[in-house]
Amino acid sequence: MRRYGKHTDEDDIRQRPNRKGNRPRTNIRPKHEEAVEGMVVTVDRGRLTCLVEDRLVMAMKARELGRKAAVVGDHVAIVGDLSGEKDTLARIVRIEPRRSVLRRTADDDDPYERVVVANADQLAIVTALADPEPRPRLIDRCLVAAYDAGLEPLLVLTKSDLAPPDELLELYGALGVPYVVTSREELESGAAVDRVRKQLDGKITAFVGHSGVGKTTLVNALVSQERRRSTGHVNAVTGRGRHTTTSARAIPLPGSEGWVIDTPGVRSFGLHHVDPSRVIHAFPDLEPGTEGCPRACSHDEPDCALDQWVADGHADPQRLYSLRRLLATRERTEGD
């Protein structure tokens with residue numbers, strides 16, 4: 001066996017031949033200092049459409065990013081052909097740090113997180129007052145996901161011509177969530193559009209909702225004609241809507257600094273990824289009362305200090321009820 005001394009030179013080192021004829025692997029990654037920043041507006045089967053300045057550029061993820069995936073709303077660094085012309089393809093070489101991430105899982109037992117959108121400011125939870133019937137448990141789950149992600153929630157109630165909103169508004173009144181009520185007539189005439197637009201101005205808002213609640217119809221009313229998507233109908237037998245949005249898409253709000261992100265309709269919103277201890281941060285009137293709670297308190301047990309905090313008049317009892325209802329969403333299914 002050949003042994004090397006202390007003063008070997010490069011010629012003394014034997015190297016294995018590279019049978020593939022490609023470059024040897026290295027941990028050093030290029031910096032791509034010439035890369036241009038863009039925003040991902042759609043993702044479709046591995047192709048990402050990015051807004052670069054005032055043009056749309058088709059791009060693919062660079063191999064060096066590994067399994068890290070870009071999603072709608074991500075700010076990315078892009079190199080290559082940035083002309084946006086037909087049949088051109090650029091390359092995403094870096095995903096910039098995200099300021100917010102909205103996640104969900106298929107169900108509460110599924111450990112696999114799905115990132116819905118990145119860098120959103122607000123979550124618009126769209127629900128119909130009838131056809132299909134409201135699903136408060138799904139609304140609760142969306143609220144928990146919004147609070148966990150640090151997003152401002154907005155409740156959008158559609159089809160008020162079919163049923164009154166009073167009962168649902170009373171249920172969420174203690175949470176202080178801003179809301180907008182719309183009807184089909186108001187959407188067709190444009191009367192409801194201005195009310196919704198006021199809540200979206202200057203923000204990046206992700207729209208989520210059960211299939212058939214009128215989410216895409218609402219988005220269509222907010223954006224210009226050429227950006228509109230098809231809409232579906234509710235199945236008269238099952239009471240479920242048909243998916244008309246198959247992938248998330250970011251659309252600039254005309255005449256505003258805001259953006260609308262239309263997402264596919266959801267039938268479930270798993271919260272496996274949510275740490276219940278973070279939900280309390282959305283209740284600033286209750287959070288100080290947790291200082292006397294036992295370690296790892298679920299805030300729904302006999303020794304919870306929040307009961308005394310409310311009894312002493314520091315917060316409304318309905319607020320504590322709402323908190324506990326939201327924290328219990330992981331223990332119930334959306335159809336309950």
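This is a short walk through a few local features of the structure above, which is a predicted model.

I'll start with the cysteines. How many disulfides are there? The count comes to zero. For a pair to count, the two sulfur atoms have to be within 2.5 Å. Take Cys 297: the closest cysteine sulfur belongs to Cys 293 and lies 4.0 Å away, so that is too far for a bond. Cys 304 is in no disulfide either, and there the nearest cysteine sulfur, again that of Cys 293, is at 3.9 Å. As for their surroundings, Cys 297 is buried at 14% relative accessibility, and Cys 304 is buried at 5%.

Next, aromatic pairs. Searching the whole structure turns up one. The partners are Tyr 147 and Phe 283; their ring centres are 6.1 Å apart and the planes meet at 65°, so this counts as edge-to-face. Where do the two residues sit in the chain? Tyr 147 is in helix H1, residues 136-149, while Phe 283 is in the loop between helix H6 (276-279) and helix H7 (306-311). That puts them 136 residues apart, so to speak of the pair as a link between distant parts of the chain is fair. Tyr 147 is buried, with 15% relative accessibility, and Phe 283 is buried with 0%.

Now to His 210, which lies in the loop between strand E11 (204-209) and helix H5 (215-222). Is this histidine buried or exposed? His 210 has 9% relative accessibility and therefore counts as buried. Its side chain makes a polar contact of 3.1 Å with the side chain of Arg 135. Setting aside residues up to four places away in sequence, His 210 touches Val 126, Pro 132, Arg 135, Leu 138, Val 266 and Arg 267. So Arg 135 appears both as a polar partner and in the list of touching residues, under the cut-offs used for contact.

Val 126 comes up again with Val 156. Val 156 is in strand E9, residues 152-158, and is buried at 0% relative accessibility. With residues up to four places away left out, Val 156 touches Ala 124, Ile 125, Val 126, Thr 127, Val 180 and Leu 218. What is the C-alpha distance from Val 156 to Tyr 179? The distance is 5.6 Å, although the two are 23 residues apart in sequence.

A different loop holds Thr 88, between strand E4 (75-80) and strand E5 (90-95). Thr 88 is buried, at 15% relative accessible area. The side chain of Thr 88 reaches the backbone oxygen of Glu 85 at 2.5 Å. Apart from neighbours within four places in sequence, Thr 88 is in contact with Met 58, Asp 81 and Ser 83.

Last, helix H4, residues 191-200. Which of its residues are buried? They are Ala 192, Val 193, Val 196 and Leu 200. Looking down the axis of H4, these buried residues fall within an arc of 100°, so they line one face of the helix. After H4 comes Gly 202, which has a positive phi, near 75°.

To recap: zero disulfides, one aromatic pair, and a helix H4 whose buried residues line one face.

Key:
Residues numbered from 1 in each chain as written. Predicted model: local features only at pLDDT ≥ 70, side-chain atom pairs only at ≥ 80, totals over all residues. Heavy atoms only, no water. Buried < 20%, exposed > 50% of the residue type's maximum accessible area, 1.4 Å probe, protein only. Helix = DSSP H or I, 4+ residues; strand = E, 2+ residues; numbered from the N terminus. Polar contact = N/O pair within 3.5 Å; in protein donor to acceptor, adjacent residues only side chain to side chain. Contact = heavy atoms within 4.5 Å. Arc of directions from axis to C-beta. Phe/Tyr/Trp six-rings, centres within 6.5 Å; stacked < 30°, edge-to-face > 60°.
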